[in-house]
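User: I am new to this structure and would like a guided introduction. Could you take me through it step by step?

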Amino acid sequence: MRMIKRAATAAALVFLGAGVATVTAQSSNSSDTYRQLNLFGDVFERVRAEYVETVTDEQLIEAAINGMLTSLDPHSSYLNKKSFQDMQVQTRGEFGGLGIEVTMENGLVKVVSPIDDTPAFRAGLQPGDLIVQLNGEAVMGLSLNEAVEKMRGPVGSELKVTVRRGEAGEPFTVSLTRAVIKVQSVRYRTEGDIGYIRITSFNEQTQSGLEKAIASIQQQLGDKLKGFVLDLRNNPGGLLDQAVSVSDTFLDKGEIVSTRGRRAEEGTRFNAKAGDLTKGLPIVVLINGGSASASEIVAGALQDHKRAIIMGTQTFGKGSVQTIIPMPGHGAMRLTTARYYTPSGRSIQQLGITPDIEVHVAKVEDLDKNVVRRREADLKGSLLNPDAANKAPSPATTNPAAPGTPAAPNPAAPGAGAPPAAPGAAPGAAPGTAPVPGAVPTDGAAAEGAEPPFDFQLARALDLLRGVALFQQRAATR
């Protein structure tokens, strides 16, 4: 759930000739600052000399810096050399670990989103789960970086994670085997005459993958293509430039997002360039509580420009930008430097994106199953239809199809990822080693020949797009 804006250098502005009053105030502030630094030095020396166990100067300084940054907000932190290297690898789309995006809440690690086709995803972890223990050790009291470091480890090693789901839920433990996480940022397929594109995260591969997906779907369906579903559910975010680029793909003009920092002159606006790769076809964007940061930028931009219909549930609500500032000879500092705003000037910090059409994860049940209904054709002596003389009426015992059931998906295009369904497990489902109903199927995750779980939100999106296309077609023939 990172929103990263790369920073190479930092500049300091010095203003001269501000007057005697200003100089006096600056001197007073400097004196107070030095007194506070003296206090820090006294505490540092006392801890180093008298703490019950030996600790290195490096450990103490790193902990002090990290404590200062994490006290600001949940997303600012210090990255040592190893963490900085891991972060750089992760934004390239391949890294080691469990495959979950996390944040800190009330001293516990909270799952923002499991990443598709990872150990955490296959074990059934869901957005909102709270991690309370790692290998039996309590998470309470650890910083976010310390908890993440404990979740990392050699590929193939096992980690027991104790999770609490919901406020009244009983903790349960799952065993996860660490693996190399290769994030396939964009997956796609066709759903009848609709193109389905899922973006799992925003890394350096996202824009190229999106362009490939759109081109492949257009080549497959040609003039039959009626619209696109852009699935951002459980997408925790990523690189700011990729979020801007993805939004630009569907827009012809206008602002995409603006960032506003501490000083007004530091604000930045990102605008769309001419050219909509989807040629103006209708778009439905799917979101949920696991959609955060960069996902919210894309959804907000398309919603404000009325370019897409946003469907699903309220998003996570992370509306801040983190800048990665390298510290020469050490690691890097992740610092919250700005808030971002949608084109209409909305800040979604803590609020999230509200969908245009709210659709929750649901299970569709066929209530007409095994119900025999009498029809006009079954009545004795009913009038015949001369236009249907050669057509036999359907038997009255025929069971109608469940409403909203989507058409069977076409085989994925060559090179496309396995078709995902609804992200996130069904509410209340106990995690285990088997795929969770309602979770996103991944390559090899479903048994051969097994029917994928029904995705109610996707079915609603497909119905809406087909309805829009039908309306446009009839309006054009008037």
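**A first walk through the model**

Analyst: A good place to begin is helix α7 (residues 240–250): nine of its 11 residues are buried, so the helix is largely enclosed by the rest of the structure. Please keep in mind throughout that this is a predicted model.

User: Which residues of α7 are the buried ones?

Analyst: They are Leu 240, Gln 242, Ala 243, Val 244, Val 246, Ser 247, Asp 248, Thr 249 and Phe 250.

User: What is Phe 250 in contact with, leaving aside its neighbours within four places in sequence?

Analyst: Phe 250 is in contact with Leu 210, Ile 214, Leu 230, Asp 276, Thr 278, Ile 283, Leu 302 and Arg 307, with neighbours within four places in sequence left aside. Phe 250 is also one of the residues that touch the most other members of the largest nonpolar core, a group that further includes Ile 197, Phe 202, Leu 230, Val 285, Val 298 and Leu 302.

User: How many residues are in that largest core, and which element gives the largest share?

Analyst: The largest nonpolar core has 39 residues. Helix α8 (residues 294–304) supplies the largest share of this core, with six residues. There is also a second, separate core of 20 residues, with Val 102, Val 109, Leu 125 and Leu 176 among them.

User: Let us go back to Asp 276. Where does it lie, and is it buried or exposed?

Analyst: Asp 276 is located in the loop between β16 (268–271) and β17 (283–287). Its relative accessible area is 15%, so Asp 276 counts as buried.

User: What does the side chain of Asp 276 reach?

Analyst: The side chain of Asp 276 makes a polar contact with the side chain of Thr 278 at 2.7 Å, and it reaches the backbone nitrogen of Gly 280 at 3.1 Å. Beyond its neighbours within four places in sequence, Asp 276 is in contact with Thr 249, Phe 250, Leu 251, Asp 252 and Arg 307.

User: Which residue in the loop between β16 and β17 has a positive phi?

Analyst: Lys 279, placed in the loop between β16 and β17, has a positive phi of about 60° although it is not a glycine. Lys 279 is exposed, with a relative accessible area of 70%. Ser 293 also has a positive phi of about 60° without being a glycine. Ser 293 lies in the loop between β17 and α8 and is buried, with a relative accessible area of 0%.

User: Changing topic: how many salt bridges does the structure hold?

Analyst: It holds 19 salt bridges. One of them joins Arg 165 and Asp 129, whose closest N and O atoms are 2.8 Å apart. Arg 165 lies in the loop between β8 (158–164) and β9 (172–177) and Asp 129 in the loop between α4 (119–122) and β6 (130–134), so this pair ties together parts that are 36 residues apart in sequence.

User: Are those two residues buried or exposed?

Analyst: Arg 165 is buried, with a relative accessible area of 15%, and Asp 129 is buried as well, at 1%.

User: What about Asp 455; which residue does it form a salt bridge with?

Analyst: Asp 455 forms a salt bridge with Arg 233, with the closest N and O atoms 3.0 Å apart. Because Asp 455 lies in the loop between β21 and α9 and Arg 233 in the loop between β13 (227–231) and β14 (238–239), the pair ties together parts that are 222 residues apart in sequence. Asp 455 counts as buried at 5% relative accessibility, and Arg 233 counts as buried at 0%.

User: Which salt bridge is there within helix α9?

Analyst: The side chains of Asp 463 and Arg 460 meet in a salt bridge (2.5 Å, N to O). Both residues lie in helix α9, three residues apart, about one turn of the helix. Asp 463 is partly exposed at 33% relative accessibility, and Arg 460 is partly exposed at 21%. Elsewhere, salt bridges that share partners join Arg 198, Asp 231, Arg 233 and Asp 455 into one network.

User: Finally, which residues form the nonpolar patch on the surface?

Analyst: The patch is formed by Leu 39, Val 43, Val 47, Tyr 51 and Val 52, which together have about 480 Å² of accessible area. Leu 39 is found in helix α1 (residues 20–50) and counts as partly exposed, at 47% relative accessibility.

How values were computed: Residues numbered from 1 in each chain as written. Predicted model: local features only at pLDDT ≥ 70, side-chain atom pairs only at ≥ 80, totals over all residues. Heavy atoms only, no water. Core = buried A, V, L, I, M, F, W, Y, C linked by side-chain atoms within 4.5 Å. Buried < 20%, exposed > 50% of the residue type's maximum accessible area, 1.4 Å probe, protein only. Helix = DSSP H or I, 4+ residues; strand = E, 2+ residues; numbered from the N terminus. Contact = heavy atoms within 4.5 Å. Patch = residues over 30% accessible without salt bridge, like charges linked within 9 Å, V, L, I, M, F, W, Y side chains within 5 Å. Areas by Shrake-Rupley, 256 points an atom, 1.4 Å probe, with all protein chains shown as cover. Salt bridge = Lys/Arg side-chain N within 4 Å of Asp/Glu carboxyl O. Polar contact = N/O pair within 3.5 Å; in protein donor to acceptor, adjacent residues only side chain to side chain.
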